[in-house]
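Me: I would like to work through this protein with short questions. Please show me the sequence and the structure.
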Amino acid sequence: MAPLATPPPRTGLLVVQPLRRRHCAGCHAGPLRMLVLEEGAPRCLDCADLGHLVFLPRGDTALTRRSREESALSAVVVRFNRRRGRYERQGVLVEEPGLTRAEQRCLADAEARRRRRVRDARRRAREDVRFAEAFAAEIRRLFPGCPVDRARNIAAHASVRGSGRVGRSAAGRALSEGAVTSAVVASVRHVDTPYDQLLMSGVPRHEARRRIAAAVEATLRAWQAEVSAVG
């Protein structure tokens, strides 16, 4: 039987997942899914006094770390990768009560993260409402003839978080006149003119915009003219 390659030395207990069929040199049990090398001879986990441990596969760093913290006895499990020519970590063996306590700690953290996400979502929602109100107020300042509900709708549409619309740009967040006006123009173009119908009928975008430019300008002038009427 070919000798088993010796894993590189490391601190702590090391368990190997063999690539070939191996039997315990002590009790002759096998083939072994996991073994411990003692003076070059394979030993099953029971003979190595590790049979009471449970295997935790790699993948969850926090759970692995906490399981080892909660276990008085633990071991790292490795397997040889022929292609890479090295032993690679597969997981750990830990005490079952320690794993249970570690899982409880991770669940508590997950619940804390969930509560934090809820708080953050509520905070962002409040910020979004305040920003949309400020955006609508700026629309009304620049275009006092714009109906209140229309201004609110324009602001809500332009300021949707993550939409990439003008309200979420740096200029939009700063409530610059250019950004606010762009949002109003876009709304007028789609709502108050046949722009969308022109696009659907195959008219190129630039040509469609040219055709409805006068109607857009007329609406903007009407909404701005309210300043004189109020004055």
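Me: Is leucine 175 buried, exposed or partly exposed?
Reply: This is a predicted model, so the values here are computed from it. Leucine 175 is found in the loop between α4 and α5. Its relative accessible area is 24%. Buried means under 20% and exposed means over 50%, so leucine 175 is partly exposed.

Me: What is phi of leucine 175 near?
Reply: Most residues other than glycine have a negative phi. Leucine 175 is not glycine, yet its phi is positive. The value is near 55°.

Me: Which residue in the loop between β3 and β4 is aspartate 49's match in having a positive phi, and what is phi of aspartate 49 near?
Reply: Aspartate 49 itself lies in the loop between β3 (41-43) and β4. Its relative accessible area is 59%, so aspartate 49 is exposed. Its phi is positive, in a residue other than glycine. For aspartate 49, phi is near 60°.

Me: Is the peptide bond from glycine 30 to proline 31 cis or trans?
Reply: Proline 31 has its place in the loop between β1 (13-16) and β2 (36-38). Most peptide bonds are trans. For the bond from glycine 30 to proline 31, omega is near 0°. That bond is cis.

Me: How far does helix α2 reach from its first C-alpha to its last?
Reply: Helix α2 covers residues 96-142, which is 47 residues. At 1.5 Å a residue, 69 Å is expected. The reach in the model is close to that, at 68 Å.

Me: Is alanine 125 buried, exposed or partly exposed?
Reply: Alanine 125 has its place in helix α2. Its C-alpha is separated by 33 Å from that of glutamate 103, 22 residues apart along the chain. The relative accessible area of alanine 125 is 39%. Alanine 125 is partly exposed.

Me: How do α1 and α2 pack, oblique or roughly perpendicular?
Reply: Helix α1 (residues 61-70) packs with α2 at an angle of about 135°, and their axes are 8 Å apart. Roughly perpendicular needs 65 to 115 degrees, and roughly antiparallel needs over 145. The angle therefore makes α1 oblique to α2.

Me: Which elements do the buried residues of α1 pack against?
Reply: In α1, Leu63, Thr64, Arg66 and Ser67 are buried. Residues of α1 that meet α2 include Leu63, Arg66 and Ser67. The buried residues of α1 pack against β4 (54-57), β6 and α2.

Me: Which backbone nitrogen does a side-chain oxygen of aspartate 60 reach at the start of α1?
Reply: The oxygen belongs to the side chain of aspartate 60. It comes to within 3.3 Å of a backbone nitrogen. That nitrogen belongs to alanine 62.

Me: Which side chain makes a polar contact with the side chain of glutamate 88?
Reply: Glutamate 88 lies in strand β6 (residues 86-94). At 14% relative accessibility, glutamate 88 counts as buried. Among the residues it touches are Val77, Val78 and Arg79. Its polar contact, at 3.2 Å, is with the side chain of asparagine 81.

Me: How are α2 and α5 set, roughly parallel or roughly perpendicular?
Reply: The axes of α2 and α5 come within 10 Å and cross at roughly 90°. That makes α2 and α5 roughly perpendicular.
Residues of α2 at this meeting include Phe135 and Ile139. So the word for α2 and α5 is roughly perpendicular.

Me: At what angle do α3 and α5 cross?
Reply: Arg150, Ile154 and Ala158 in α3 meet residues of α5, including Ala183 and Val184. The two helices are roughly perpendicular to each other. Their axes come within 10 Å. They cross at roughly 105°.

Me: Is phenylalanine 143 buried or exposed?
Reply: Phenylalanine 143 lies in the loop between α2 and α3. It touches Thr181, Val184, Leu220, Trp223 and Gln224, not counting residues up to four places away in sequence. Its relative accessible area is 2%. Phenylalanine 143 is buried.

Notes. Residues numbered from 1 in each chain as written. Predicted model: local features only at pLDDT ≥ 70, side-chain atom pairs only at ≥ 80, totals over all residues. Heavy atoms only, no water. Helix = DSSP H or I, 4+ residues; strand = E, 2+ residues; numbered from the N terminus. Expected span 1.5 Å × (residues − 1). Buried < 20%, exposed > 50% of the residue type's maximum accessible area, 1.4 Å probe, protein only. Polar contact = N/O pair within 3.5 Å; in protein donor to acceptor, adjacent residues only side chain to side chain. Contact = heavy atoms within 4.5 Å. Axes fitted to C-alpha atoms, helices over the stretch in contact; angles between N-to-C directions. Parallel < 35°, antiparallel > 145°, perpendicular 65-115°, else oblique.
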